[in-house]
2 protein chains.
Amino acid sequence: MDTFDTEKEFLASYNIHDFDVPLCTVDMCIFTVKDEQLQVLLTKRGHFPKKNQWALPGGFIDQSKDKNLDETAFRKLREKTGVASPYLEQVATIGGSKRDPRGWALTVLYFALIPHEDTELKVDASSLEVSWVPIDHAMSLKLAFDHNELLKLSKERLRSKVLYTSLPVHLLNETFTLPLLQKTYEIILNTPLQKKSFRKRFLDAGIIEETGEKEPGVSKPALLYRLVDSNKVHVFPRTLESAT
Amino acid sequence: MDTFDTEKEFLASYNIHDFDVPLCTVDMCIFTVKDEQLQVLLTKRGHFPKKNQWALPGGFIDQSKDKNLDETAFRKLREKTGVASPYLEQVATIGGSKRDPRGWALTVLYFALIPHEDTELKVDASSLEVSWVPIDHAMSLKLAFDHNELLKLSKERLRSKVLYTSLPVHLLNETFTLPLLQKTYEIILNTPLQKKSFRKRFLDAGIIEETGEKEPGVSKPALLYRLVDSNKVHVFPRTLESAT
DNA sequence: GAAATAGTGTCTTTAAGACAGTATGGC
DNA sequence: GCCATACTGTCTTAAAGACACTATTTC
């Protein structure tokens, strides 16, 4: 070892294929709220392995297209949904010898939040079908690889962060009403919330502002709000007391 | 594509070396509190690339030894410190084309918390030196690869979780006093805390119990406590109001 | 005016911050 | 008894929960 005098010499002789390398992918848990339900995007796999099984969308890093990991995730999301500006967050990285029949495999799991109105589902070459699936139903399916586990991790991360952050805003359109936002929280947490404290929480935080418009509806119109800074996630000083 | 009729046929012809694969490593940010300072373990690299530079300990997945990613992290920690039961948590996974001269490289970053009394630093084949370095000093060094960035991420994750969890308990021995625990929080957060609320927080949470022993000292001895469940991290309902 | 939904007033509860006071050990 | 440090009492403050109340729109 280290028969090299300089880093340049070392690099000239280095070949990654001399080593055992794990299979390496990015998988996405893409969430939206649609028909008063939290839903996740699933694809039916078009190729081996696990051909014809439902799975989370994902795939390999493209070393020529992706300058970094986040770009891989953005690309996957765009390929399936056409959405360009989601909320995106890493959940975890799972690796092991048993999770993929091809060998030691590692996947970087992301979750994305998008307003479902923005999406136009695309069946690309790698999938036979692409569909929104209500989360409880998705969990009851037998997904490919360890994707049931990945989905569970993502759902738990989402639920726990919803208790103390402004994340669900990213499931709505750019302008939204407070009653709709509260409803979105309630759907994700599966529990009713107090109107008064919910409104106070957001209004005191100074993270939203009135647009001046109102949402017309069947009764009294609600004020429309937008985020003051659409890239910032607000962390509240206390968690909601939510039942499970 | 898909000239295969069965998954078995597909797998028989699959060879990972037919594809562009990223370099894949695990890096560790190992924290302890020693001499009233938050310190991190650094190693001076013994091999190319970045030979002779200080870096976070880390290395490749060993497909024969490591059944999953966490085992790689545990193994790395054991190799450097001899510690077998740390608190271990994934921070993030960073990947990109520019971070390693060998090519597109991905690293799974973990942080570990250990009581420094347990450690026996080991200079193994891969490093010339291994040392605890106070965090501020470590950040001022020019570390190998993007390890300054990895260190910053880990430090921020630690600081933010210390505000609402019981994490720092894992920096202490199995039995500890509340004044020492408070001191540990204050060192990490770099701010004094209120004694009364700090004690109430822990005692009301029901996560620690008296051992019946006392810590002898220069004045009134403090009661010794231990964790009721040493594997559980407690999440408090509110964050501490800490200045930066 | 009735129905429906948006939004407010106000009281309670919980847990943190501030800070002064008491307790208990070594010497 | 004195010092140092551990521990407690008690008041204040911030933000959530409960829930009844008022406001504004469509019909």
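K195(A) counts as exposed, because its relative accessibility is 56%, over the 50% that marks an exposed residue. This value, like those that follow, comes from a predicted model.

The place of K195(A) along the chain is in helix α6 of chain A. On the surface, K195(A) belongs to a patch of positive charge, where it gathers with K196(A), R199(A), K214(A) and K220(A). Helix α6, which spans residues 195–205 of chain A, gives the largest share of this positive patch, namely three residues.

A residue of chain B offers a second case of accessibility. E71(B) is found in helix α2 of chain B, a helix made of residues 69–81. With a relative accessibility of 27%, E71(B) counts as partly exposed. The two residues are set out below.

| Residue | Relative accessibility | Class |
|---|---|---|
| K195(A) | 56% | exposed |
| E71(B) | 27% | partly exposed |

E71(B) may also be placed with respect to L141(B): the two are 70 residues apart in sequence, and their C-alpha atoms lie 29 Å apart in space.

The relation between the chains remains to be described. Two copies of a chain are related by a rotation about an axis and a shift along it. Here, a turn of 180° with a shift of 0.0 Å along the axis lays chain B on chain A, with an RMSD of 0.0 Å. This is therefore the relation of a two-fold axis. Within chain B, R238(B) has the C-alpha nearest the axis, at 2.4 Å from it.

Methods: Residues numbered from 1 in each chain as written. Chains lettered and ligands numbered in written order. Predicted model: local features only at pLDDT ≥ 70, side-chain atom pairs only at ≥ 80, totals over all residues. Heavy atoms only, no water. Patch = residues over 30% accessible without salt bridge, like charges linked within 9 Å, V, L, I, M, F, W, Y side chains within 5 Å. Areas by Shrake-Rupley, 256 points an atom, 1.4 Å probe, with all protein chains shown as cover. Salt bridge = Lys/Arg side-chain N within 4 Å of Asp/Glu carboxyl O. Lys, Arg positive; Asp, Glu negative; His and termini not counted. Charge placed at Lys NZ, Arg CZ, Asp CG, Glu CD. Helix = DSSP H or I, 4+ residues; strand = E, 2+ residues; numbered from the N terminus. Buried < 20%, exposed > 50% of the residue type's maximum accessible area, 1.4 Å probe, protein only. Least-squares fit on C-alpha atoms with pLDDT ≥ 70 in both.
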